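Here is a short report on a protein–DNA model. Please keep the sequence and the structure open as you read.

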2 protein chains.
Amino acid sequence: MTSTATISDVAKMAGVSIKTVSRVVNNEPNVRANTRELVNQAIVELSYKPSLAARGLAGGRSFLIGLLYDNPSDSFLVELQRGILRACREKHYGLALCPAFSKSTDVKTDILDWIRATQPDGVILSPPLSDNMDVIDALRATGLKFVSVSSAGTGHGPAVHIDEAEAARQMTHHLIETGHRRLGFVKGPLDHACTRLRYEGFCAAMSAAGIAVDNTLVAGGNFHFESGVEAAEKLLSGASRPTAIFASNDDMAAGVMHVAHRKGLSIPGDLAVAGFDDTPMSRQFWPGLSTVRQPVEMIGEMATERLMAEIQRAKKENGLHEAETPDGSSNSEILSFELMLRASTLG
Amino acid sequence: MTSTATISDVAKMAGVSIKTVSRVVNNEPNVRANTRELVNQAIVELSYKPSLAARGLAGGRSFLIGLLYDNPSDSFLVELQRGILRACREKHYGLALCPAFSKSTDVKTDILDWIRATQPDGVILSPPLSDNMDVIDALRATGLKFVSVSSAGTGHGPAVHIDEAEAARQMTHHLIETGHRRLGFVKGPLDHACTRLRYEGFCAAMSAAGIAVDNTLVAGGNFHFESGVEAAEKLLSGASRPTAIFASNDDMAAGVMHVAHRKGLSIPGDLAVAGFDDTPMSRQFWPGLSTVRQPVEMIGEMATERLMAEIQRAKKENGLHEAETPDGSSNSEILSFELMLRASTLG
DNA sequence: ACCGTCATTGACAGCGCTGTCAATAAGCGT
DNA sequence: ACGCTTATTGACAGCGCTGTCAATGACGGT
């Protein structure tokens with residue numbers, strides 16, 4: 001057990017008080033440049049790393065942020081984590097995971113328990129948790145800072161996301177432009193805010209092109225592969241099948257393609273297919289799946305930075321008027337998306 | 001800020017000393033059942049959750065385990081995390097992530113720095129980190145407990161994995177049994193121990209069937225889709241192409257299928273394809289990909305339990321002879337795998 | 001040189017919990 | 001009932017760090 005150097009070792013070595021070392025470590029002002037240098041040398045020399053536990057106990061911070069998620073797609077989760085971790089590393093923060101199940105009746109309790117045990121300084125909410133008012137309210141009641149990702153900040157606090165509706169509109173427009181008139185659409189689950197937005201984008205493009213949305217060509221889904229299969233079976237069995245199907249996410253689009261293959265329909269000849277998310281899979285399918293790319297990693301990174309900023313602010317204002325929710329912070333940051341057009345929609 | 005109840009609140013409410021509450025919380029012996037009950041009631045009543053930070057500081061433990069990984073497939077990582085988190089939740093442990101890059105020259109330093117800052121009670125190593133002797137040695141030098149997953153414990157300490165060679169042998173056997181004689185194989189990257197094992201299994205089955213391995217039908221890869229594409233282009237361009245290709249993992253198998261489709265080869269008619277890992281994708285492809293299912297989630301769970309046990313043991317023996325590495329612990333646990341045979345190899 | 005002001009530094013008291021060790025209660029044998 | 005062993009409990013001192021506040025040093029003006 002290579003005993004790690006403590007702050008007092010550093011203090012001794014640099015010939016200053018413990019508190020001064022603390023100041024240097026925390027980048028606080030009012031330390032003479034000369035002294036700061038001395039301390040930094042000692043820190044490097046001893047390869048001193050402050051103990052998170054002690055800092056947390058003493059300072060009331062845990063230097064941990066939480067990621068609350070409910071079974072998103074693997075690649076979404078991993079990309080998001082990557083972004084968050086990158087931002088964390090810079091700020092010397094740690095990331096703790098809290099898987100939750102929004103369907104369960106006591107998500108709220110589960111999450112609160114986890115928060116009490118872990119005591120993160122803030123949390124990042126991913127959909128559909130970020131669209132769950134129960135959770136949002138509970139979180140707000142704790143006073144803990146949070147930021148939502150990939151979820152249109154419906155006034156639920158700060159959020160980082162893309163313009164979902166516009167993305168769906170553009171993809172639909174692309175389909176129409178390619179010559180399709182009978183478009184099918186597979187919706188996502190109702191508890192995701194993006195379900196509505198993506199559908200709105202679809203409708204907007206249709207109406208702009210003067211095509212009426214045929215309700216028999218709109219199917220419900222839950223973002224999983226199997227629901228894409230079911231939706232496709234329904235949509236493709238009707239008398240007048242669509243010539244293109246836009247699924248609200250890639251997993252469901254994969255289900256649609258699976259069914260099309262099984263039915264012997266060629267893609268895109270007999271049926272064009274589009275998805276949403278640009279999972280790695282969409283590149284690997286044959287034919288490649290046209291989809292919308294969200295900069296998920298960047299979203300994670302920005303959300304984390306935003307969260308850190310909130311935490312900072314909260315710490316400073318601490319003890320003052322204790323303003324509940326400074327509503328000015330409800331604004332969200334909107335990142336740009338990218339249409340990835342591949343063989344599944346291109347002749 | 002709903003101020004969280006502290007241990008002394010509980011003690012007051014239960015009418016016992018702080019220390020007794022601590023005993024109950026930590027499940028220590030020598031507390032009368034009656035007293036224990038009293039304390040538990042107070043704990044529930046106040047919905048008390050011990051502070052990780054304080055426990056860590058005082059007890060010298062952090063109640064955190066680390067997961068060190070280097071860019072594995074998304075689904076592998078997510079499944080592994082799921083298993084680990086399940087085990088963690090039971091034991092009230094937290095999980096901290098440490099992405100590392102084994103290609104980088106200072107993986108070792110990166111990891112050590114991370115460990116110093118985070119101070120986990122133990123870490124789980126996933127491939128290829130678990131096969132990197134530099135890392136293993138550095139870890140061992142710190143005295144920190146670790147467990148490897150999905151990596152044949154080549155004597156590098158405890159590990160949890162499947163019998164990779166046997167799995168590959170069985171899959172190869174299946175291919176041979178289906179009538180194939182000209183089998184292609186796509187290897188994984190050299191820094192993964194499983195690369196060798198899977199290849200050995202392949203060779204074993206071939207030799208058992210009396211078929212010589214044709215080196216022109218063995219290609220190298222790196223577990224990524226693109227390398228599968230390259231390998232397939234090489235293997236399928238030769239004069240006498242194989243009638244089946246076994247890729248060491250699903251991503252590369254996806255690459256093989258992609259190329260086959262592009263070349264107009266029907267699967268499995270013109271070419272049978274098999275993979276390894278049973279990523280969700282393998283079910284979704286058309287046709288479904290035959291593959292080997294590792295119980296990744298279970299591996300994560302068992303590795304975590306194993307790690308906890310090691311930590312326990314270390315804690316008890318603490319202060320005694322300080323035996324460096326009780327080599328009896330180098331044994332590994334072997335879980336069973338499952339052959340998932342789907343349309344890509346079945347007529 | 002003298003005072004006010006601000007920048008710099010350190011002494012000290014905890015943060016909430018656990019380990020140690022001593023104190024007390026409970027059993028048990030005779 | 002007495003003396004002994006063992007089970008149960010609590011008092012107390014930190015763990016390594018930060019916040020508070022008081023002490024010291026530096027600097028500018030007169």
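## DNA strand D

The largest share of the surface near DNA strand D comes from α4(A), with 5 residues. Near means that a heavy atom of the residue lies within 4 Å of the strand. Helices (H or I, at least four residues) and strands (E, at least two) are DSSP runs, numbered from the N terminus. This is a predicted model: local features need pLDDT of at least 70, side-chain atom pairs count only at pLDDT 80 or more, and totals for chains, interfaces and linings use all residues. Residues are numbered from 1 along each chain as its sequence is written, chains are lettered from A and ligands numbered from 1 in the order in which they are written, and side-chain values use heavy atoms, leaving out hydrogens and water.

In total, 27 residues surround DNA strand D, and A:I7, A:S22, A:Y48, B:T20 and B:T35 come nearest. Of the strand D atoms within 4 Å of the protein, 63% belong to sugar or phosphate and the rest to bases. Polar contacts are pairs of N or O atoms within 3.5 Å. A polar side-chain atom of A:S22 lies 2.5 Å from a phosphate oxygen of DNA strand D. The side chain of B:R23 places an N or O atom 2.7 Å from a base oxygen of DNA strand D.

## DNA strand C

Around DNA strand C there are 28 residues; the closest are A:T20, A:T35, B:I7, B:S22 and B:Y48. α4(B) gives the most to this surface, with 5 residues. Sugar or phosphate accounts for 64% of the strand C atoms within 4 Å of the protein, and bases for the rest.

Two side chains reach phosphate oxygens of DNA strand C. A polar atom of A:T35 is 2.6 Å from one, and a polar atom of B:R55 is 3.4 Å from one. B:K19 has a polar side-chain atom 2.7 Å from a base nitrogen of DNA strand C.

## A:D74

A:D74 sits in helix α5 (residues 74-91) of chain A. A:D74 is buried (under 20% relative accessible area, 1.4 Å probe, protein chains only). A:D74 has no salt bridge (a side-chain nitrogen of Lys or Arg within 4 Å of a carboxyl oxygen of Asp or Glu). The nearest side chain of opposite charge, B:R82, is 5.0 Å away. Not counting residues up to four places away in sequence, A:D74 touches B:D74, B:S75, B:V78 and B:P280 (heavy atoms within 4.5 Å).

## Chain A overall

Chain A has 13 helices and 12 strands. Buried residues make up 54% of its 347 residues. The C-alpha trace of chain A spans about 85 × 40 × 35 Å along its principal axes.

Terms used:
Buried means under 20% relative accessible area, exposed over 50%, partly exposed in between (1.4 Å probe, protein chains only). Lys and Arg count as positive and Asp and Glu as negative; His and the chain ends are not counted. A polar contact is a pair of N or O atoms within 3.5 Å; within protein, one must be able to donate a hydrogen and the other to accept it, and residues adjacent in sequence count only if both atoms are side-chain atoms.
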